[in-house]
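Open your viewer, switch to a cartoon view and keep the selection tool at hand. We will go stop by stop, with something to select at each one.

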Amino acid sequence: MQKVSFDLTSEFVELNQLLKLVGLCDSGGAGKVMVDSGVVKVDGKKELRKTAKIRADQVVSVGDIRITVVAPV
């Protein structure tokens, strides 16, 4: 399993943008397609809201990639 850490710079990041920012897709639109396909999980539950607000300490999983969102310091 590949683990990725994402440093949050604001209160939240939209799910489709997070997927783009960590390099899992080329654009926010491609991120929306990924979410729509049902392969994205947030905290272990399938997430179908493309612009779900992802906050610090949440974990986003796509296949064997696990993204941990870290609070701003």
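The tour starts with the whole chain, moves through the sheet and ends at a few single residues.

**Before you start**

This is a predicted model: local features need pLDDT of at least 70, side-chain atom pairs count only at pLDDT 80 or more, and totals for chains, interfaces and linings use all residues. Residues are numbered from 1 along each chain as its sequence is written, and side-chain values use heavy atoms, with hydrogens and water left out.

**Stop 1: the whole chain**

Select everything and colour by secondary structure. You should find two helices and seven strands, where helices (H or I, at least four residues) and strands (E, at least two) are DSSP runs numbered from the N terminus. Read from the N terminus, the order is β-β-α-α-β-β-β-β-β.

Now show the C-alpha atoms alone. Along the principal axes they fill a box of roughly 35 × 25 × 20 Å. The radius of gyration of the protein chain is 11 Å, which agrees with the value near 11 Å that a compact globule of 73 residues would have; it is taken over C-alpha atoms, and the globule rule is 2.2 Å times the number of residues to the power 0.38.

Turn on the surface next. The accessible area is about 4500 Å², with 49% of it belonging to carbon and sulfur atoms (Shrake-Rupley method, 1.4 Å probe; for residues, only the protein chains shown count as cover). Of the 73 residues, 34% are buried. Here buried means under 20% relative accessible area, exposed over 50%, and partly exposed in between (1.4 Å probe, protein chains only).

**Stop 2: the open sheet**

In what order do the strands of the open sheet lie? Five strands form it, in the order E1-E7-E6-E3-E4, with mixed pairing. Two strands pair if DSSP finds at least two bridges between them. At the edges, select strand E1 (2–7) and strand E4 (45–46), each of which pairs on one side only.

Begin at the E1 side. E1 and E7 run parallel and are joined by six bridges; select serine 5 and you will find its bridge partner in E7, threonine 68.

**Stop 3: the E6–E7 hairpin**

Move on to strand E7 (residues 65–70), which is antiparallel to E6 and joined to it by four bridges. The two strands form a hairpin with two residues between them, and glycine 63 in the turn has a positive phi of about 60 degrees. Select valine 62 with its bridge partner isoleucine 65 in E7, then valine 60 with isoleucine 67, which stands opposite in E7.

Show the side chains of E7. Its covered face carries Ile65, Ile67 and Val69, while Arg66, Thr68 and Val70 are on the uncovered one.

**Stop 4: strand E6 and its other neighbour**

Now display the side chains of strand E6 (residues 59–62). Val59 and Ser61 point one way and Val60 and Val62 the other, and all of them are buried. In a regular strand the side chains alternate between the two faces of the sheet.

On its other side, E6 pairs with strand E3 (residues 40–42) in the antiparallel sense, over three bridges. Valine 40 is the residue opposite valine 62 here.

Zoom in on serine 61. Its relative accessibility is 16%, so serine 61 counts as buried. Leaving aside neighbours within four places in sequence, serine 61 is in contact (heavy atoms within 4.5 Å) with Val39, Val40, Lys41 and Arg66.

**Stop 5: two loop aspartates**

Most residues other than glycine have a negative phi. Aspartate 43, in the loop between E3 and E4, has a positive phi near 55 degrees. Aspartate 43 is partly exposed, at 44% relative accessibility.

Next, select aspartate 57, in the loop between strand E5 (53–54) and E6. Its phi is also positive, about 75 degrees, and with a relative accessible area of 65% aspartate 57 is exposed.

**Stop 6: lysine 32**

Finish in helix H2 (residues 28–36), where lysine 32 is found. Is lysine 32 buried or partly exposed? Lysine 32 is partly exposed, with a relative accessible area of 36%. Beyond its neighbours within four places in sequence, lysine 32 is in contact with Asn16, Lys50 and Thr51. For a last distance, select the C-alpha atoms of lysine 32 and lysine 20: they are separated by 9.7 Å, with the residues twelve apart along the chain.
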